[in-house]
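Reader: I'm new to reading protein structures. Could you walk me through one, feature by feature?

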Amino acid sequence: MQLPLLEKATESGETFLLTTIRTSECASEPCAPGLPPAGELIPLRTPGPGEQYRFHFDMTKCIGCKCCVVACNEQNGNPADIQWRRVGDIEGGTYPDTMRNYLSMGCNHCVEPTCLEGCPVDAYVKDSTTGIVLHNAERCIGCQYCVWNCSYGVPQFNPERGVVGKCDMCHDRLSDGDSPACVNACPEQAIQVEIVNIAAWRATYSASANAPGMPSADDSLSTTRITLPTTLPGDSKRADAFRVRPEHPHWPLVVMTVLTQTSVGALSTLFLEHLLRPAETVGIAAVGALLVAVIALSSSTLHLGRPAYAWRALSMWRRSWLSREVLLFSMFAGFATIYAAALWWNSSASNLFGACTGLIGLSAVFTSARLYTVAARPAWNSLYTFAEFYLSAAFSGPLFAALFLPAARQRLHIFAATATLLILVQQVAKFAWLTRSRAFELSASALLLSNALRLRFLLRLAGLPLLTFALLHAGSGPVLATISFAVSLALEVLGRWLFFVSVVPKNMAASYLHSQEAA
């Protein structure tokens, strides 16, 4: 069998030939094989005031070989399933005039990095000299909030190490005058490092930072400059748009959010009952609600990659909503303890402590909902999230209190039944909103709920009116009260599980045949 290309490649007697590069700097003779002139792939100077490094990706040159991916993983010692630089497929056109291109992306080292803004432990810093967004693994507690905040899916959690990691533009190599691993490995020179004037980029970024297969650069002002082919079809889109899969359920957070909202709802109910009817004994119920809060807060640490350092999450309360959530729920637990003690001792200040407990708890639920309303998770980023969290407290909280207050059980069941119907309305309205949306991530969430998650979604929708009927018509005995609360808790756990697994995050395009675990 003849192999003409192989014969041609070995005519000079060499088995392997490296492509030579001719530029204006070496026009008469080829430069050293495979090595471009200094300054062609990385700047010859460091950024000045108002400047920073950035990547330039030329889609017209990329052939999708993924040498950059392999080089990045080897440089940083990452396993194959964690890729700080990824290559995705972009396709468009109409048969027979179709076109496939490739998109290679590491960290965009954004002007306003959302990973940095959301981190509760200050593990990120944007270098004042180079503009590179750096991550400190020693400081990281593995909460993964930066993963949720980034629209490009750049920070990635390493379960073996218990921390997040990301592209740092090989800043150590850059400081030594060497190009980053991805830049050095690309056989087509499709990736370069440039210096950009930040003020000028703010005014013009939309023309060069956006590309098919990438989320909008508006979320965090991506600095990566992308050169698109002039022949790129207008309908080009990510080749993996057909593949939508459920996300990770994050069970510790399911338990934590449901139980904290139950505790807040229960203690607020107990405060109002005791305020309006001082003769009612609510001390035992308050202790029970406090134990629910303790269980919830304890379970939340199981979500962390490094739970021993959970205390660090309090450090950035001025900036991070996660830090504020931790702070307010810790204060809620403290005041709930004082409130329960005051009820046991029949203190005259019990109503004051009860009011403080309720207000702090409601504020904590707000921060809990607020930390999920991020641009990178469109299905969460709406008022529906706030409605879901507060209605959960109004639904399960009174049912928990009803277990201990026989005299108030009937009116608490009526209140919970009303909240149940409102939850049903909220769920149907949210699903309709997702279905009507033209945004890929929102319509994909609706697709998950109507296909892969259909049975569980319908089970919850059917369970809510059935429980409402039972609360209004089946009496108010202790057995029914216990069953009602257990069913409400099961429905809320199912609903929160759907909340986590049905969200479709913003991300860059993946390969057509790509397969990886949910984030």
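Author: Sure, let's begin with a cut-off: a residue counts as exposed when its relative accessible area is over 50%, as buried when that value is under 20%, and as partly exposed in between. Keep in mind that this is a predicted model.

Reader: Okay. Is Trp344 buried or exposed, then?

Author: Trp344 has a relative accessible area of 53%, so Trp344 is exposed. You'll find Trp344 in helix α10, which covers residues 321-344.

Reader: Which residues form a nonpolar patch on the surface with Trp344?

Author: The patch is made of Ile284, Trp344, Trp345 and Phe404. Together these four offer about 540 Å² of accessible area.

Reader: Let me zoom out. How many helices and strands does the chain have?

Author: There are 16 helices and 10 strands. The C-alpha trace spans about 100 × 50 × 45 Å along its principal axes. Of the chain's 519 residues, 52% count as buried.

Reader: How are two packed helices described?

Author: You give the angle between their axes and the distance between the axes. Try helix α8 (residues 251-276) with α10: they pack at an angle of about 40°, and their axes are 12 Å apart. That angle makes α8 oblique to α10. As for handedness, α8 passes α10 in a left-handed crossing.

Reader: Can I have another pair? At what angle do the axes of α11 and α12 cross?

Author: Roughly 140°, and the axes come within 9 Å. Here α11 is residues 350-370 and α12 is residues 383-402. Angles over 145 degrees would count as roughly antiparallel, and α11 and α12 are therefore oblique to each other. Their crossing is right-handed.

Reader: Now for charges. What is a salt bridge?

Author: Look for a side-chain nitrogen of Lys or Arg within 4 Å of a carboxyl oxygen of Asp or Glu. By that rule, the count here comes to 15 salt bridges. One of them joins the side chains of Arg45 and Glu51, at 3.0 Å from N to O. Arg45 has 45% relative accessibility, so Arg45 counts as partly exposed.

Reader: Which side chain meets Asp219 in a salt bridge?

Author: That's Lys506, with 2.9 Å from N to O. This pair links distant parts of the chain, 287 residues apart: Asp219 sits in the loop between α7 (198-208) and β9 (225-227), while Lys506 is in the segment after α16 (478-501). Asp219 counts as partly exposed because its relative accessibility is 24%, whereas Lys506, at 15%, counts as buried.

Reader: And where do Arg496 and Glu388 lie?

Author: Arg496 is in helix α16 and Glu388 in helix α12, so their pairing ties together parts that are 108 residues apart in sequence. The two form a salt bridge whose closest N and O atoms are 3.8 Å apart. Arg496 is buried, with a relative accessible area of 0%, and Glu388 is buried too, at 5%.

Reader: Which residues do salt bridges that share partners join into one network?

Author: Glu388, Arg460, Glu492 and Arg496. To find them, you can start from the bridge between Arg496 and Glu388.

How values were computed. Residues are numbered from 1 along each chain as its sequence is written. This is a predicted model: local features need pLDDT of at least 70, side-chain atom pairs count only at pLDDT 80 or more; totals for chains, interfaces and linings use all residues. Side-chain values use heavy atoms; hydrogens and water are left out. Patches are made of residues with over 30% relative accessible area and no salt bridge: like charges are joined within 9 Å, nonpolar side chains (Val, Leu, Ile, Met, Phe, Trp, Tyr) within 5 Å. Accessible areas come from the Shrake-Rupley method with a 1.4 Å probe; for residues, only the protein chains shown count as cover. Helices (H or I, at least four residues) and strands (E, at least two) are DSSP runs, numbered from the N terminus. Buried means under 20% relative accessible area, exposed over 50%, partly exposed in between (1.4 Å probe, protein chains only). Axes are lines fitted to C-alpha atoms, for helices over the stretch in contact, and angles run from 0 to 180 degrees between N-to-C directions. Angles under 35 degrees count as roughly parallel, over 145 as roughly antiparallel, 65 to 115 as roughly perpendicular and the rest as oblique. A crossing is left-handed if the near helix is turned anticlockwise from the far one by less than a right angle, and right-handed if clockwise.
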